[in-house]
Amino acid sequence: MLALFVMGAFYTFVAPASKVSADTGNSQQVAEGKALFAVGCSSCHGLNGEGQATGTVQGPPLAGVGAASVEFQVGSGRMPMARPAAQAPVKPNRYSEEEVAALAAYVASLGPGPAIPTPAEYNPANISEEDIARGGELFRTNCSACHNFEGAGGALPGGKYAPTLIGVSNQHLYEAMITGPQQMPVFSDGVMRPEDKRAIIAYLNNLHDQPNQGGLALGGLGPVSEGLWAWILGLGSLVGFAIWIAAKGAKAK
Ligand code: HEC
Ligand code: HEC
């Protein structure tokens, strides 16, 4: 018993402080968020965010998804979802910044989850060329399987897709990594250090700011679009040339 007690006491002392916080906003903000939630979200997520697994409008339980997930989902316009579908599409966000913060504070009050990151957390600062290259390596190993090597996005089974990462804000890049929407894995700080997440963001910014030295990128979709162009332009011009020769050649005369 004594050994257990000593171990327990020792653990509480040395255990790393949890990065998640249950209550971020003040109680007034939480109350405002609860009211907004009842109007815009409860039809699918339940009056208390407990979720709804049956019926035509369904939504997952929200306890523990965290403020970051709400900022990501509502800020990117995915939520409130307009109609049941395999995946919520990105659309213009209808809520003001204060309303999003209130909704986030309310959902955060339901259970501990990742908090909304601060600009210092998601904006890469003093980034070196070396970090950008490291970000590229991390991107190719962890993200390109779904989002394509250029971040142009790609299709997934079941009518779902990994969206393009071109034009996505640094904040949403970071939030997507810490919350893992849909089939995307969660890249928590234990899995990928915050500085590695910033390196990936720096790499993507750098990649998408670059002029296209090679000319037409054909959507950056890789061999499929490139092959299609080779067929249409390459083979098409050969056929055209053959017809031209046949029409103008010695035998035609
Ligand atoms: C028409 C039904 C519907 C409405 C309305 C709706 N949601 Fe959702 N919500 C869903 C479904 C379905 C999912 C899961 C699928 C997905 O993530 O694309 C989801 C997922 C989420 C998630 C991600 C949960 C996670 O596991 O990370 C959050 C956060 C969320 N909703 C918040 C909201 C908020 C806040 C509102 C109101 C502004 C709202 N939703 C309105 C159906 C809805
Ligand atoms: C298993 C496939 C998969 C992997 C691996 C993956 N993602 Fe995703 N990602 C998705 C899917 C699916 C969505 C769309 C979720 C939704 O719409 O609810 C998404 C959404 C995103 C978004 C939101 C884009 C927007 O338009 O708002 C960002 C940013 C993102 N991912 C970044 C990353 C980064 C960075 C990595 C690597 C560290 C990564 N993803 C790895 C599948 C994946």
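1. In this predicted model, a nonpolar surface patch of about 790 Å² is made by Leu228, Trp229, Trp231, Ile232, Leu233, Leu235 and Leu238. Of these residues, leucine 228 has its place in helix α11, which covers residues 223-248.

2. Turning to the metal sites, the iron atom of ligand 1 is coordinated by His45 through NE2 and by Met79 through SD, at 1.9 to 2.2 Å. The arrangement is octahedral because the six donor atoms around this iron atom subtend angles of 86 to 179°. Histidine 45 lies in helix α3 (residues 42-45) and methionine 79 in the loop between α4 (66-75) and α5 (97-108), so the pair ties together parts that are 34 residues apart in sequence. Histidine 45 is itself buried, its relative accessible area being 10%.

3. For the iron atom of ligand 2, the protein donors are His147 (NE2) and Met184 (SD), which lie 2.0 to 2.2 Å from the metal. This site is octahedral, with angles of 84 to 179° among its six donor atoms. Histidine 147 belongs to helix α8, whereas methionine 184 sits in the loop between α9 (170-179) and α10 (194-209), and the pair thus links distant parts of the chain, 37 residues apart.

4. As to the accessibility of these two donors, histidine 147 is buried at a relative accessible area of 10%, whereas methionine 184, at 21%, is partly exposed, since buried means under 20%.

5. Helix α8 (residues 144-147) also contains serine 144, which counts as buried at 19% relative accessibility. The side chain of serine 144 reaches the backbone oxygen of arginine 140 at 2.7 Å.

Notes: Residues are numbered from 1 along each chain as its sequence is written. Chains are lettered from A and ligands numbered from 1 in the order in which they are written. This is a predicted model: local features need pLDDT of at least 70, side-chain atom pairs count only at pLDDT 80 or more; totals for chains, interfaces and linings use all residues. Side-chain values use heavy atoms; hydrogens and water are left out. Donors are N, O and S atoms within 2.8 Å of the metal (3.2 Å for Na, K and Ca); water is not among the atoms, so sites may look incomplete. Four donors count as tetrahedral if all angles lie between 85 and 135 degrees; four count as square planar and six as octahedral if opposite donors are over 155 degrees apart and all others between 65 and 115; anything else is irregular. Helices (H or I, at least four residues) and strands (E, at least two) are DSSP runs, numbered from the N terminus. Buried means under 20% relative accessible area, exposed over 50%, partly exposed in between (1.4 Å probe, protein chains only). Patches are made of residues with over 30% relative accessible area and no salt bridge: like charges are joined within 9 Å, nonpolar side chains (Val, Leu, Ile, Met, Phe, Trp, Tyr) within 5 Å. Accessible areas come from the Shrake-Rupley method with a 1.4 Å probe; for residues, only the protein chains shown count as cover. A salt bridge is a side-chain nitrogen of Lys or Arg within 4 Å of a carboxyl oxygen of Asp or Glu. A polar contact is a pair of N or O atoms within 3.5 Å; within protein, one must be able to donate a hydrogen and the other to accept it, and residues adjacent in sequence count only if both atoms are side-chain atoms.
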